[in-house]
Amino acid sequence: MSLYVDPDELDRAAGVYTGAATDTADLVDTCPTSVDAGLATGPLTGMLAQIVTDLAGMVELLGGTGGLLTTTAQTYRDADDETAAALVRAWSE
Amino acid sequence: MPIDTFIAGSPTDIRRVEDWIRTTLGTTIGNVADAAARARRIADDAWEGDASETYLDRSSEHVHAIDDFHARISKTADVFAGLAGELSRALSDMADIRARAAAAGLLAVCNTIGNPPRVTTKPLSEGPWRIKKRTQPPRRCTLAGRSQSQLP
C-alpha cells in the first residue's frame, strides 16, 4: 500500500464543499413558497416543496462531506505527529 | 344563463417562479456542481491510499447526484413555463370570446357574458296575424289541378 496525503489540500477541498453547502442553504431562504397558478397551484407548490427538500438534502451532503474531509486531514496530522514522536523516541533510545 | 369566462391563476406569477428556478436556482446549483467536482479533484491530487479510493467513489456519486438535480431543475422550470404559456393562451381566448360576445350585442361585464336582451312579444294567437278558424273545408289539390269534386 502506498500512502500520500496533503492535509492542507484536504482542508482546501473541505472549504470548497463547505462554501457550496452555504450557497445551497442560502437558496432555501429565497425559494418562493407560493405561486398563483389557479387549478395548478397545488401541484406547482408541491414541486417547490420538493425543491426545498432536495436542497436541504444537498446541504447535508455537501456539509457532511466537507466535515469528513476536515476530520480526515486532522486525523492524518495527528497520526503523523504521533508517529513522528514515536520514531523520535525510538531513535533517541 | 350568463357565461362565466373567469380562469384563476396568473401567468406573470408563474413566470416569476419559473425565473427563480431557472436563473437563481439553476445557476447556483450549476456552480455547486462545479465546486463539488473541483473539491473532488483537489482531494484526488492530495490524497492517495486505501481510504482515498472510498472517498473518491462517494464523491463521484455526489457529483452525479448534483448533476441529476441540476437537470431536474431545468425540467421543472420547463413545466412552469409550459403552464404559464397555456394559461396565458386560455386567458387570451376568453378575452377574445368576451370581445366577440360584446360585438354581437351581448353584455360582457368583467369576466361574465350576460344573457341576450329580452324581447317582449305577444303570442301569435293575439296578434293581427291571428289565424281565423276555417269555416269551409279545404279544397283538395292534386298535381293535375283541382280535384274534380271541387270544381265550381
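This report walks through the shape of chain A, its contact with chain B and the strand pairing in this predicted model.

**Chain A on its own**

Let's start with chain A, which has 2 helices and 1 strand. Going along the sequence, the pattern reads β-α-α. Chain A isn't balled up: its radius of gyration is 22 Å, well over the 12 Å that the globule rule gives for 93 residues, so the chain is more spread out than a compact globule. Put a box around its C-alpha atoms along the principal axes and you get roughly 80 × 20 × 15 Å.

**Where A meets B**

Now for the interface. Chain A puts 38 residues into the contact, and chain B puts in 38 residues. Together the two chains bury about 3,100 Å², with 76% of that on carbon and sulfur atoms.

As for specific links, the rule picks out 1 salt bridge across the interface of chain A and chain B. It joins the side chains of D54(A) and R72(B), at 3.3 Å from N to O. The interface also has 10 residue pairs in polar contact, counting pairs with both residues at pLDDT 80 or more.

On the chain A side, the elements giving two or more residues to the surface that touches chain B are β1 (4-5), α1 (7-30) and α2 (41-92). Of these, α2(A) gives the most, with 13 residues. Sorted by type, the residues on that side of chain A come to 25 nonpolar, 7 polar and 6 charged.

**Strand pairing**

Strands also link the two chains: β1(A) runs antiparallel to β2 (residues 47-48) of chain B, and 2 bridges join them. Within that pairing, Y4(A) has E48(B) as its bridge partner.

Chain B has an open sheet as well, made of 3 strands in the order β1-β4-β3, with antiparallel pairing. Its edge strands are β1 (3-4) and β3 (108-109) of chain B, each of which pairs on one side only. Between β3(B) and β4 (residues 112-113) of chain B, the antiparallel pairing covers 2 bridges. There, V109(B) is matched with T112(B) of β4(B).

Here are the two pairings side by side:

| Strand | Partner strand | Sense | Bridges | Bridge partners |
|---|---|---|---|---|
| β1(A) | β2(B), residues 47-48 | antiparallel | 2 bridges | Y4(A) and E48(B) |
| β3(B) | β4(B), residues 112-113 | antiparallel | 2 bridges | V109(B) and T112(B) |

As general background, strands of a sheet pair through backbone hydrogen bonds, either parallel or antiparallel.

Methods: Residues numbered from 1 in each chain as written. Chains lettered and ligands numbered in written order. Predicted model: local features only at pLDDT ≥ 70, side-chain atom pairs only at ≥ 80, totals over all residues. Heavy atoms only, no water. Pairing = 2+ DSSP bridges. Helix = DSSP H or I, 4+ residues; strand = E, 2+ residues; numbered from the N terminus. Contact = heavy atoms within 4.5 Å. Buried area = accessible area lost by both parts, 1.4 Å probe. Salt bridge = Lys/Arg side-chain N within 4 Å of Asp/Glu carboxyl O. Polar contact = N/O pair within 3.5 Å; in protein donor to acceptor, adjacent residues only side chain to side chain. Nonpolar A, V, L, I, M, F, W, Y, C, P; charged D, E, K, R; others polar. Rg over C-alpha atoms; globule rule 2.2 N^0.38 Å.
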